[in-house]
Amino acid sequence: MKKYQPTIYVLIALVGVLTGIYISKQESIEKVFYSFNKVDELMGLVHDNYVDSLSMEDIIEQTMPKILTELDPHSTYIPAKDLEATNADLKSSFSGIGIRFIIQDDTIHVNEVIRKGPSEKVGLMPGDRIVTINDTLFVGKICTNNEAMKRLKGPKGTEVKLGIKRYGEKELLSFTIIRDDIPLQSIEAAYIINDKWGYVQVDRFAENTFTELIIALARFQFRGCDGIIIDLRGNGGGWMGIAIQMANEFLHKGDMIVYTEGKNHPKYVEYANGNGNFMETPLVVLTNERSASASEIFAGTIQDNDRGTIIGRRTFGKGLVQQPFEFSDGSAVRLTIARYYTPSGRCIQKPYDKGDDKNYELDIVNRYERGEFFSQDSIHQNDSLVYKTRLGRTVYGGGGIMPDIFVSSDTTDVTSYYSQAMSRRLIMQFCLRYSDTHRKELSTYTTWEDMLKYLQTQPLLDEFVAYAENKGLKRRYNNIMKSRKLIERSIYANIIYDILGMLEHVKYINTFDVTVQKAIEVLEEGKAFPTPPEENN
């Protein structure tokens, strides 16, 4: 029994934390100890009397997530083996070889070599395929994203040997790379549109996000931009403190940013300190159904303070605050300790049933099926949770941030052929192959505009249709013609990304992105600052 005690104590510690959620401050400490002893007794009974041989460690590892599922959808257990990877997205750097890759045809395909990173120093190039790692073949079923990350990442200063297949080279090339710290950017696209409007795409709220934003805004300010677009579409959140810092740049002194409150965590309010450099700059924030958590804090405070205009679609609806608690074995829980509230007093956490994560996770699918992506009238706000912004505009709680200006998802030219081409990743695979075989001529272009002019002279649609048919996607001429513009734009966008990187890719996409174009229209018309209800037409 003694060898299981450390593991049992981990479970006891967790139950102690969870017990604190349910017991009131008036309940006696004896009841807490009774809960501890009951779990300890159960583990002892199972160990000493169960009919079959079993691993107590495995039982506890399987039980921990189930316990937390009974609380809420965002309290989670993280095994020790997964903790580093789970935390990596919120860090400013990690230790690795400095590439971005995808798995194609059961092989690692390098689609970007990070500037000044270890791989660039030894000569790796976009388009390279990693065939061996440390003299061991790494292709086929074993070649998954998770396994590739495990083998390529590692402590700073350690070596990894790669065997590279490069287009045009008959022999396998060998590279020995010394792992180093690789910066993680959360803002990969920041530029000025039409020489007037600063655009920033924020992918997540990580350690370095605020610093990256300040650098981007300083560049906009130097060039005299007239307004700012913050794109939070697809941003699932991150550090709440980073969202608060970002909001502070746009709010006046004393403006409330957010407050949190929980049974064991008294109300705590964050206010703007008045030191922001963009308090008077016209501001538009873009959101969609995958904008969550810290994204909703930022969008919510901008909306409730009537500081800017929110454009897009309703956000995810995560209004729960998690705090990490680590155990001595290296595992951890992220436990919900409070709810956060926007300045008007609304908690925008969408409803959930305890222990029913499946329906919660399918909420976005259900929204799509109800038509929420296509019509604002399909969105049913909770009329019992009505709040007012500073200017008296009506906003709702109980399920995400509803934008001030709704932009529907345009599916006019979508056909089953296009959907299958996208879902089976055939367009992406075709573009990777095209980029590899035409890299020499494509690399002579440095902007998306010049590359687009060249690509539009090539028979790319016909080549793709032939490629897709060879992969099992039957030609359907009517569908192809109806979706022609979507297919061609997707092909151009993928090739621009493969050769020129994310920034030029985003610049091209934004030229026909209806939400971005709506933001530009609002800024051009001087309507970024909301007005009181009686002044609205």
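**Disulfides and cysteines**

I searched the whole structure, a predicted model, for disulfides and found zero. I then looked up the accessibility of two cysteines. Cys347 has a relative accessibility of 16%; because the limit for buried is under 20%, I entered Cys347 as buried. Cys431 is at 0% relative accessibility and is therefore also entered as buried.

**Strands β3, β4, β5, β7 and β8**

I followed the strand pairing from β3 onward. Strand β3 covers residues 99-104 and pairs with β4 in the antiparallel sense, over six bridges. To fix the register, I noted that Ile99 has Val113 of β4 as its bridge partner. The two strands, β3 and β4, make a hairpin with two residues between them. In that turn I checked Asp105 and found a positive phi of about 55 degrees.

I next asked how far β4 is covered. Strand β4 spans residues 107-113, and six of its seven residues are buried. Beyond the hairpin, β4 is joined to β5 by two bridges, and these strands run antiparallel. Here His109 has Arg129 of β5 as its bridge partner.

Arg129 appears again in the next pairing, where its bridge partner in β7 is Lys165. Strand β5 (residues 129-133) and strand β7 (residues 159-165) are antiparallel, with four bridges. From β7 I moved on to strand β8 (residues 173-178): six bridges join the two, again in an antiparallel arrangement. One of the partners I recorded is Thr176 in β8, which bridges to Lys161. For reference, strands of a sheet pair through backbone hydrogen bonds, either parallel or antiparallel.

**Ser95**

I located Ser95 in strand β2, residues 93-96. Its relative accessible area is 17%; since buried means under 20%, Ser95 counts as buried. I then looked for polar partners of the side chain. A polar atom of the Ser95 side chain lies 2.7 Å from the backbone oxygen of Gly154. The side chain of Ser95 also reaches the backbone nitrogen of Lys156, at 2.9 Å. With neighbours within four places in sequence left aside, the contacts of Ser95 are Lys153, Gly154, Pro155, Lys156, Arg179, Asp180 and Asp181.

**The six-stranded sheet**

I traced an open sheet of six strands with mixed pairing, in the order β10-β11-β12-β15-β16-β21. Its edge strands are β10 (187-193) and β21 (405-406), each of which pairs on one side only. At the β21 edge, I found that strand β16 (residues 309-312) pairs with β21 in the parallel sense over two bridges. There, Gly312 has Phe406 of β21 as its bridge partner.

**Nonpolar cores**

I asked which members of the largest nonpolar core touch the most other members. They are Ile230, Phe250 and Phe298, in a core of 39 residues. I then listed the contacts of Phe250, leaving aside its neighbours within four places in sequence: Leu217, Ile228, Ile230, Phe278, Met279, Leu283, Phe298, Ile302 and Arg307. A second, separate core holds 30 residues, including Tyr417, Leu455, Ala493 and Ile496.

**Helix α15**

Helix α15 runs over residues 448-455, and I recorded Trp448, Met451, Leu452, Tyr454 and Leu455 as its buried residues. These cover an arc of only 160 degrees around the axis, so they lie on the same side of α15. I looked up what they pack against: α13 (426-437), α14 (439-442), α16 (460-470), α18 (484-500) and α19 (502-510). Leu455 of this helix also belongs to the second core noted above.

**Helix α20**

In helix α20 (residues 514-524), I found Thr515, Val516, Ala519, Ile520, Val522 and Leu523 buried. Viewed down the axis of α20, the buried residues fall within an arc of 160 degrees and therefore line one face of the helix. I then inspected both ends. At the start of α20, a side-chain oxygen of Asp513 comes to within 2.9 Å of the backbone nitrogen of Thr515. After α20 comes Gly526, with a positive phi near 70 degrees.

Technical notes. Residues numbered from 1 in each chain as written. Predicted model: local features only at pLDDT ≥ 70, side-chain atom pairs only at ≥ 80, totals over all residues. Heavy atoms only, no water. Pairing = 2+ DSSP bridges. Disulfide = S-S within 2.5 Å. Buried < 20%, exposed > 50% of the residue type's maximum accessible area, 1.4 Å probe, protein only. Core = buried A, V, L, I, M, F, W, Y, C linked by side-chain atoms within 4.5 Å. Contact = heavy atoms within 4.5 Å. Arc of directions from axis to C-beta. Polar contact = N/O pair within 3.5 Å; in protein donor to acceptor, adjacent residues only side chain to side chain.
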